[in-house]
Amino acid sequence: MKVSTILSLLPGCALASDFLSVALYAKDPSHLYNVIRSNSQLDYGCKPVVLRSQEEHKLHAIVSPEQLQHLKRSLSSEVRIDTLNHFSKRQEEYAPIGSGDRFKGGKIAPRGLGSRKPGESADIGPILNLDEVHSALKGLEKEYGIELFTAPHKTYEGREVYGAAVNKAEKIKKDKQHIYFTSGIHARERGGPDNLIYFVSDLLWANKHRKGLTYGNKTFTNTQVKKALGAGIVFIPLTNPDGVAHDQKNSNLWRKNRNPKSAVATDPRSVGVDLNRNFDFLWNYTLHFDPSVEPASDNSSSEAFYGTGPFSEPETRNIKWVYDIFPKIRWFIDVHSAVGTLLYSWGDDINQAVDPEQNLFNPEFDGKRGVVEDSVYREYIDEEDWYNIALQANRTTDAMVAAGGRSYAASQAVGLYPTSGASDDYSFSRWHKDKSVNKVYGYTMEFGYPTNFYPTTNEYLNNIIDTNAGFLEYILTAIEIGLKD
Ligand SMILES: [Zn+2]
């Protein structure tokens, strides 16, 4: 008997191959909303996203065979379900994870895909392992003089979290960094850190060699490269190293960190916190939201377990710390997979620009938020902010589509179902809470193909091309809209 088979028989030690990816279709999105509401504990990826697909609307989920049986029994006649793939069938095709260190501890700098000549090999090797993400940063430091930093909070398993600041100037000025990117918060979303590492590598290479960059059918000039670098970029390519180490070792679609504080002995999947429900944004959802919605979970076995308090986890505190160190950050993307969307604020309820009283800090509306179908509560957003963030999302997704020719959609984060404690909403809410800090426009990019957390090698490369075109367009649009208040 193979080891993988033995492991999969143990309850709770589920491997990726034990799960199925399914799509649910309905003509009326409210039927899918009902599916989410009555099956809130299912794994819908980063958050439930309903996509328009021709005349139908589509919702993706990852289910065990038992969950699938239960789900099928509970569906109304208006909802159709398709099994897309059994993860085990694709296991042979997954892009491999690197072994060893191709950057030799930082002696070699990574080189991206956009800086390669037509016909030049696009073989950048397997997905970066944990050590390689760090040595890639050190390689960029050695080759181009970027400024590395170690975030202050070590993870539960004692790992450091590394980031870097990049600018056109020789010396990094903390008040000249306006763009902030993070990735790897959901461990299983493979290729996220790689997208950022190779993007920054491309910018630096093109700047040094006075060249432009080409991503599929999308081309950027050297002037645009220099302009983008001048906006000042701060990034943490891998915010959740414990989770990624666990996922890369076990291929078990691990999403959370590895903090065991709230775990129960009988369920190995109760280890860890969903870091993207742990930020201080309406974190205490049972108080702030309507009881009929679950924007996070207080059950440690859930993939959306919100932790023991806002910022209870070192990983989220590290992401927050960057705003204090680089106080002029204005634009933020947290990079996730796998949907094909760019989500903008807000994520707790539908936007409205009419009634400022309906805002996330107003206790009068506690217990009323999050029901997207009603108008009892809708989240206030200033009209100009709304225009700016939507414009940016559309420009960026247009560039991603232009690069790869596949679909990417811009949409408000709440979609059909709310979330609490997410990184993008936290970034935008900081200024709403305290007007002395810079206003940040926060986004969640969902690269890749629905629920396809482990890409094939081809998909992995396409994801780098699509996202990198998007990142560059995003920075150029940010400059155009404005880097300051
Ligand atoms: Zn995610």
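This is a short walk through the cavities, some helix crossings and a few unusual backbone spots of a predicted model.

Let's begin with the empty space inside. Rolling a probe the size of a water molecule over the atoms shows where such space is left. Across the whole structure, a search turns up four cavities of 30 Å³ or more. The largest of them holds about 220 Å³ of space. Its lining is made up of 22 residues, and those closest to its centre are S40, L42, Y44, R277 and A304. Sorted by class, the lining of the largest cavity has 10 nonpolar, six polar and six charged residues. Where does the largest cavity lie with respect to domain 1 (3-92) and domain 2 (94-485)? Both domains give residues to its lining, so the largest cavity lies between them.

The second largest cavity has a volume of about 110 Å³. Here 14 residues form the lining, with Y44, K47, H60, A338 and V339 closest to the centre. You may recognise Y44, which is also among the residues closest to the centre of the largest cavity. The lining of the second largest cavity comprises eight nonpolar, four polar and two charged residues. Domain 1 (3-92) and domain 2 (94-485) each supply at least three residues to this lining.

A338 is a good residue to stay with for a moment. The peptide bond that joins S337 and A338 is cis, with omega about 10°. A338 itself sits in the loop between β11 (331-337) and β12 (341-344). A little further along the chain, S345 and W346 are also linked by a cis peptide bond, its omega near 0°. W346 is found in the loop between β12 and β13 (351-352). These bonds deserve a look, as most peptide bonds are trans, and most residues other than glycine have a negative phi. S251, which is not a glycine, has a positive phi near 45°. Its place is the loop between α8 (241-250) and α9 (285-288).

Finally, turn to the helices. Two packed helices are described by the angle between their axes and the distance between the axes. Helix α6 (residues 192-208) and helix α7 (residues 222-230) have axes that come within 9 Å and cross at roughly 120°. That angle makes α6 oblique to α7, and their crossing is left-handed. Helix α7 also meets helix α13 (residues 457-481): their axes come within 9 Å and cross at roughly 70°. This makes α7 roughly perpendicular to α13, and α7 passes α13 in a left-handed crossing.

Definitions and conventions. Residues numbered from 1 in each chain as written. Predicted model: local features only at pLDDT ≥ 70, side-chain atom pairs only at ≥ 80, totals over all residues. Heavy atoms only, no water. 1 Å grid on protein atoms, 1.4 Å probe; cavity = no way out; pocket = protein on both sides within 12 Å on 5 of 7 lines; lining within 4 Å. Points joined across faces, edges and corners; volume = space filled by probe spheres on them. Nonpolar A, V, L, I, M, F, W, Y, C, P; charged D, E, K, R; others polar. Domains from an automatic or database assignment. Axes fitted to C-alpha atoms, helices over the stretch in contact; angles between N-to-C directions. Helix = DSSP H or I, 4+ residues; strand = E, 2+ residues; numbered from the N terminus. Parallel < 35°, antiparallel > 145°, perpendicular 65-115°, else oblique. Left-handed = near helix turned anticlockwise from the far one by under 90°.
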